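This briefing looks at how helices pack against one another and at the pockets found between them. Please read it with the sequence and the model side by side.

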Amino acid sequence: MPPVNAPSPHAVPGRAARLAAPAGLLAAVTAAFVYVAAVDPNEPGHYPVCPLLHLTGLYCPGCGGLRSAHAVAHGDLVAALQANAPAVLGYAAFAVLWTVWVVHAVRGRPLRLAPPPAVLWTAGTLLLAFTVLRNTPFGGWLHP
């Protein structure tokens with residue numbers, strides 16, 4: 001016989017417990033942005049070099065992402081978009097998804113993300129096109 005005060009195996013966690021994971025993720029992302037804001041990636045020697053760029057001279061889709069984060073942290077959206085526009089879209093998507101997650105957690109509903117395959121294929125295709133274009137002679141304006 002279970003103890004009288006034992007929690008039910010089907011008990012819904014409290015609001016604080018439901019918000020622990022989103023709060024932890026926000027703390028980690030905030031710490032990363034604070035660090036990138038404080039340590040300028042535009043100065044050589046502070047961060048490792050992109051291995052793909054170093055070995056092949058080709059820009060990967062993430063090249064310029066730290067510079068973009070630095071610019072966002074300093075409120076310079078134009079510089080952020082020039083450094084890596086898909087990264088800025090990623091930051092915005094993170095903010096929206098995190099907010100939706102928090103709203104679901106407050107309401108006690110699980111968050112289930114199941115984007116249609118067409119959305120994932122479209123996003124992947126656009127990122128691939130961005131990567132190819134930024135490595136062509138006429139895509140130089142996309143270099144970080």
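By class, how many nonpolar, polar and charged residues does the lining of the second largest pocket have? In this predicted model, that lining has 9 nonpolar residues, 1 polar residue and no charged residues. The points below begin with this pocket, turn to the helix pair that supplies its lining, and then take up the other helix contacts and the largest pocket.

**The second largest pocket**
- The second largest pocket has a volume of about 290 Å³, and its lining consists of Pro86, Leu89, Gly90, Ala93, Val119, Leu120, Ala123, Leu126, Leu127 and Phe130.
- Two or more of these lining residues come from each of the elements α4 and α5, with α5 giving the most, namely 6 residues.

**Helices α4 and α5**
- Helix α4, which spans residues 77-107, and helix α5, which spans residues 117-134, have axes that come within 11 Å and cross at roughly 160°; because angles over 145 degrees count as roughly antiparallel, α4 is roughly antiparallel to α5.
- The crossing of α4 and α5 is left-handed, and the contact is made by Ala83, Asn84 and Pro86 on the α4 side and by Leu127, Phe130 and Arg134 on the α5 side.
- Sorted by class, the residues of this contact comprise 4 nonpolar, 1 polar and 1 charged.
- Pro86 of α4 and Leu127 and Phe130 of α5 take part in the contact between the two helices, and Pro86, Leu127 and Phe130 also appear in the lining of the second largest pocket.

**Helix α3 against α4 and α1**
- The axes of α3 and α4 lie 7 Å apart, and the two helices pack at an angle of about 90°, which makes α3 roughly perpendicular to α4.
- From α3, the residues Gly65, Arg67, Ser68, Ala69, Ala71 and Val72 make this contact, and from α4 the residues Ala79, Ala80, Ala83, Asn84, Ala87, Val88 and Tyr91; by class they divide into 9 nonpolar, 3 polar and 1 charged.
- Helix α1, covering residues 15-38, has an axis that comes within 8 Å of that of α3 and crosses it at roughly 95°, and α1 and α3 are therefore roughly perpendicular to each other.
- In this pair, Phe33, Val36 and Ala37 of α1 meet Leu66, Ala69, His70, Val72 and Ala73 of α3, a contact with 7 nonpolar residues, 1 polar residue and no charged residues.
- Ala69 and Val72 of α3 are thus among the residues that meet α1, while Ala69 and Val72 are also among those that α3 brings to its contact with α4.

**The largest pocket**
- The largest pocket has a volume of about 400 Å³ and is lined by 20 residues, of which Pro48, Val49, Cys50, Leu66 and Arg67 lie nearest its centre.
- Helices α2 (51-56) and α3 (65-73) each supply at least two residues of this lining, and α3 gives the most, with 3 residues.
- The lining of the largest pocket divides into 13 nonpolar, 5 polar and 2 charged residues.
- Leu66, one of the residues nearest the centre of the largest pocket, also belongs to the contact of α3 with α1, whereas Arg67, likewise among those nearest the centre, belongs to the contact of α3 with α4.

Note on methods. Residues are numbered from 1 along each chain as its sequence is written. This is a predicted model: local features need pLDDT of at least 70, side-chain atom pairs count only at pLDDT 80 or more; totals for chains, interfaces and linings use all residues. Side-chain values use heavy atoms; hydrogens and water are left out. Axes are lines fitted to C-alpha atoms, for helices over the stretch in contact, and angles run from 0 to 180 degrees between N-to-C directions. Helices (H or I, at least four residues) and strands (E, at least two) are DSSP runs, numbered from the N terminus. Angles under 35 degrees count as roughly parallel, over 145 as roughly antiparallel, 65 to 115 as roughly perpendicular and the rest as oblique. A crossing is left-handed if the near helix is turned anticlockwise from the far one by less than a right angle, and right-handed if clockwise. Contact means heavy atoms within 4.5 Å. Ala, Val, Leu, Ile, Met, Phe, Trp, Tyr, Cys and Pro count as nonpolar, Asp, Glu, Lys and Arg as charged, and the others, Gly among them, as polar. On a 1 Å grid over the protein atoms alone, a cavity is a set of points where a 1.4 Å probe fits but cannot get out, and a pocket is an open set with protein on both sides within 12 Å along at least five of seven lines; lining residues have an atom within 4 Å of a point. Grid points are joined across faces, edges and corners, and a volume is the space filled by probe spheres set on the points.
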